[in-house]
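Hello,

Here is the structure we talked about. My notes follow below it.

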Amino acid sequence: MTDLLEKHFAPLRNPSNDSDWLDVRRRARRPWRRAVLVAVVAATVALLVAPAFGVGGRVLDLIQGKPAPPPVQTSFVGGNAARQQRFAFAAAAGLALHDRFRLLFLARRAASPRSRRRTGRSISGWHQPRTGGTAGSSKRETRP
Amino acid sequence: MDERARAIEELYRERYVGFRNALATVTGSNETARDAVQEGFARALACRKQFRGDGSLAAWVWRIALRAALQARGEHRGSAAEVMDPQLVAPERNPALTAALATLPPRRRLMVFLRYFADFSYAEIAAACEVSEGTVAATLAQAHQSLAASLSPEGAMHD
């Protein structure tokens, strides 16, 4: 019976082999591309809707904000010096620190002075991006 | 490439033609069946860590490829038994077999397709259909009997 079925099924089978394993591997990598696309779309949407929630100005301040006042800059420069000193000490002791070169740039305004509280105090913040990709921050209250 | 990826590649190289021919009875053409096989193996490769390793790899990939074929048909639900149609693959080449297959109950027809198109073993058919091997053997025996009655001139079994 098996032979009989084999005989009948044989003409229905397409013997051509058009397989392409490289195509399979290419398709298998697509979910990563999809994830990247979703992340890009999400970031774009976040940027577009940020102004609607009053966040847009603060985001722009990170890029376009005026340099922080001299006292804040002095504070950051002091922090940099202390950091450099610690790293130099660690390097002299033979310690490898991956974030050795995370120095501070000039601080820029991050928080808007519009964040005025009922008390009349104004809080301003400064964001300090570092060369290693991390960031620090500082806040300062100002009385009216 | 890890061991599981190599196993999937080996399966693909050995069984591609069978998978494509079997899925052609779902999609209706070799071209769309090819695409479903490619997509099925790609998905299997991408999520190979989900395969627990205690069952048949061929059956696991088959289920994924079948879902891809159903999606190609615009269906997201359905069982293989209901969607595999002998009329979809060159019925003019063997009208007698096409007619005989059409008379089989869907589950028997599915097992015949998996056996003679996809070249599945009884164990792989059992895993793909989530039944025991004994059930596969019994179902195929019944299918053979029905087909023999329709196909052989004297209507007798030749087991």
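Which residue follows α7(B), and what is the sign of its phi? B:Glu130 comes right after the helix, with a positive phi near 55°.

Some ground rules. This is a predicted model: local features need pLDDT of at least 70, side-chain atom pairs count only at pLDDT 80 or more, and totals for chains, interfaces and linings use all residues. Residues are numbered from 1 along each chain as its sequence is written, chains are lettered from A and ligands numbered from 1 in the order written, and side-chain values use heavy atoms, without hydrogens or water.

Helix α7 covers residues 122-129 of chain B. Its buried residues (under 20% relative accessible area, 1.4 Å probe, protein chains only) are B:Glu124, B:Ile125, B:Ala126, B:Ala128 and B:Cys129. Their cover includes α1, α3, α6 and α8 of chain B.

Now α8(B). Among its buried residues are B:Val136, B:Leu140, B:His144 and B:Leu147. At 1.5 Å a residue, its 19 residues should span 27 Å (1.5 Å times one less than the number of residues); the end C-alpha atoms are 26 Å apart, which agrees.

Helix α5 (residues 95-102) of chain B packs on α8 (residues 133-151) of chain B at about 140°, axes 10 Å apart. That makes α5(B) oblique to α8(B) (not under 35 degrees, over 145, or 65 to 115). Contact (heavy atoms within 4.5 Å) is made by B:Ala96, B:Leu97, B:Ala100 and B:Leu101 of α5(B), and by B:Leu147, B:Ser150 and B:Leu151 of α8(B).

Best wishes

Note on methods
Axes are lines fitted to C-alpha atoms, for helices over the stretch in contact, and angles run from 0 to 180 degrees between N-to-C directions. Helices (H or I, at least four residues) and strands (E, at least two) are DSSP runs, numbered from the N terminus. Buried means under 20% relative accessible area, exposed over 50%, partly exposed in between (1.4 Å probe, protein chains only).
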